[in-house]
Amino acid sequence: MKLITAIIKPFKIDDVKNALKAIGVQGMTVAEVRGFGRQGGHSETYRGAEYNIDFVPKVRLEIVVDSEQVDQVVDTIVTSAATGKIGDGKIWVSEVERMIRIRTGEEGHDAI
Amino acid sequence: MTIDSGATAWVIVATALVLFMTPGLAFFYGGMVRRKNVLGMLMQNVFSMGLVSVLWAAVGFSLAFGGQNRFIGNFDFAWMKGIAKADSLPGYTGAFALVIPPLLFMAYQMMFAVITPALITGATADRLKFSAYAILIGVWSVIVYPIIAHWVFSPTGWLFKRGALDFAGGAVVHINAGAAALAVVLIIGVRRSYGQETMPPHNLPFTILGTGILWFGWIGFNAGSALAANGLAVQAIVNTHLAAAAAMLSWLVVEKAVAGHATTLGAASGAVAGLVAITPCAGFVGGMAPVYIGLLAGVGCYAALSLKKKFRFDDSLDVIAVHLVGGILGSLLLGLFADKGVNALGADGLFLGGGLRLLGEQGLAVIVTFGFSFTVTYVVATILDRTIGLRVADDDELVGLDQSQHAETAYQ
């Protein structure tokens with residue numbers, strides 16, 4: 001089992017969700033987050049005074065999938081979240097040691 | 001005394017309109033502070049509705065409108081004595097005779113007394129201790145506001161008698177509050193991390209909402225000051241609205257040219273600047289004068305924003321640039337645009353062939369109002385700072401006024 005974490009542009013979340021549902025992904029967790037990467041922040045002007053906003057809004061998406069499904073899911077996120085402009089985000093994949101469904105106590109693959 | 005039912009009905013409505021401006025101001029300012037301070041800001045504004053109303057009934061109104069002395073009112077109407085049954089008020093005779101019940105005049109003026117000290121809160125945002133604020137505006141509403149109101153508004157006041165014009169409070173409300181704001185800001189100092197940390201507005205939609213409420217209420221503020229339901233009140237409505245509109249446009253044009261974008265905060269700020277500047281002029285000018293006054297106010301107040309950088313004081317939400325500078329601009333421009341054809345009780349300004357006399361009186365009223373308000377406020381604020389302290393403790397400022405002053409959180 002792997003945890004796929006993706007940081008994407010907020011307005012892309014619906015496209016990504018729909019694309020993932022279409023390939024059979026059954027669940028995901030999203031959070032509104034703020035951060036910066038190479039895109040950096042942006043500037044805002046209030047009453048003539050310029051403010052540099054370092055942290056820009058992003059959406060963080062977390063999905064746990066079977067190891068064999070990882071490539072397909074990652075590819076789907078890349079395709080559906082890309083705009084080609086700087087700030088499209090990142091995806092990383094990490095190992096998941098255990099997974100439990102709280103209601104039934106099922107573990108591992110059955111809990112996904 | 002003849003009571004005019006139409007005039008009475010309109011001033012009753014106008015009283016409610018002016019009352020509504022204070023919560024409007026709360027949201028105008030509340031949107032501009034950081035999220036940890038929004039309740040603190042709303043509270044300071046709303047609290048003025050509580051404290052200042054009671055003080056106005058106790059002594060404020062009487063000190064402003066009682067007696068024949070030129071420099072200060074008296075205690076004839078203190079503790080609400082005799083107002084409800086009064087036939088008229090000192091000085092309100094002849095051409096100035098009231099056609100509304102004096103008790104209504106007291107109520108209407110009470111709403112002005114409430115919003116004026118609330119204007120100061122924008123300058124001291126995020127760091128003024130609530131207890132110090134309460135004492136500050138309590139004292140201020142007894143020894144500063146009624147005095148200036150007496151000098152300028154009451155027909156027995158010395159500036160009024162000299163011929164200075166202030167239709168709805170350019171000096172009494174805006175210069176007065178702006179000068180007080182400057183005094184308090186100089187004593188209280190800058191916000192922690194001012195200049196190092198960005199402090200952008202946390203909710204501009206609140207600010208736009210507040211602007212709408214202020215603009216709406218300002219119709220009562222300015223047109224109600226005709227104290228009658230007549231052509232002059234209508235002229236004041238038209239002037240008020242046009243000045244706000246024109247100032248919004250000129251602020252946005254300058255902002256776009258200087259800073260690159262026309263912003264919603266700029267639209268709101270410009271409109272308020274125009275409303276401030278037209279306040280003294282509302283019942284004394286006509287034609288396109290309010291548009292010119294508005295255009296100049298938008299540009300002038302925007303230009304004044306750079307003052308705080310130059311002088312390194314932290315007037316957090318630009319009370320000085322908008323209210324002090326806007327009030328001064330409006331008061332002085334009245335010396336140019338005033339038209340006796342609009343209001344026979346007014347005067348002709350420079351452009352209407354009246355020469356420099358009115359401009360001189362306006363200048364004097366500006367200087368005297370600024371000087372008195374600034375000086376007395378500076379003394380009161382200094383005493384408060386040396387005794388209970390004006391500022392919240394550093395830790396309290398870090399967690400924000402909402403938690404440290406009121407043990408509440410705006411957004412769960």
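**Close-ups of a predicted model**

C281(B) is buried, at 0% relative accessible area (buried is under 20%, exposed over 50% and partly exposed in between, with a 1.4 Å probe and protein chains only). This is a predicted model, where local features need pLDDT of at least 70 and side-chain atom pairs count only at pLDDT 80 or more, while totals for chains, interfaces and linings use all residues. Residues are numbered from 1 along each chain as its sequence is written, chains are lettered from A and ligands numbered from 1 in the order written, and side-chain values use heavy atoms, with hydrogens and water left out.

**View 1. Two cysteines of chain B, C281(B) and C301(B), that are in no disulfide.** A disulfide here is a pair of cysteine sulfur atoms within 2.5 Å, and the count over all chains is zero. For C281(B), the nearest cysteine sulfur belongs to C301(B), 12 Å away. Looking back from C301(B), the nearest one is that of C281(B), again at 12 Å. C301(B) is buried too, with a relative accessible area of 0%.

**View 2. S62(B), tucked into helix α2 (residues 38–65) of chain B.** Helices are DSSP runs (H or I, at least four residues), numbered from the N terminus. S62(B) is buried, at 1% relative accessible area. A polar atom of its side chain sits 3.2 Å from the backbone nitrogen of D76(B) and 3.3 Å from that of A78(B). Leaving out residues up to four places away in sequence, S62(B) touches G73(B), N74(B), F75(B), D76(B), F77(B) and A78(B) (contact means heavy atoms within 4.5 Å).

**View 3. The largest nonpolar core, with 142 residues.** Such a core is a set of buried Ala, Val, Leu, Ile, Met, Phe, Trp, Tyr and Cys residues joined through side-chain atoms within 4.5 Å. Among the members that touch the most others are Y29(B), W56(B), F105(B) and L390(B). Helix α7 (residues 170–188) of chain B chips in the most, with 14 residues. Apart from this core lies another one, of 16 residues, including I8(A) and V74(A).

**View 4. Helix α3 (residues 102–120) of chain B packed with α7(B).** Their axes are 8 Å apart and make an angle of about 30° (axes are lines fitted to C-alpha atoms over the stretch in contact, and angles run from 0 to 180 degrees between N-to-C directions). From α3(B), the contact uses F112(B), T116(B), L119(B) and I120(B). On the α7(B) side, the residues include V172(B), H174(B) and A181(B).

Methods: Helix = DSSP H or I, 4+ residues; strand = E, 2+ residues; numbered from the N terminus. Polar contact = N/O pair within 3.5 Å; in protein donor to acceptor, adjacent residues only side chain to side chain.
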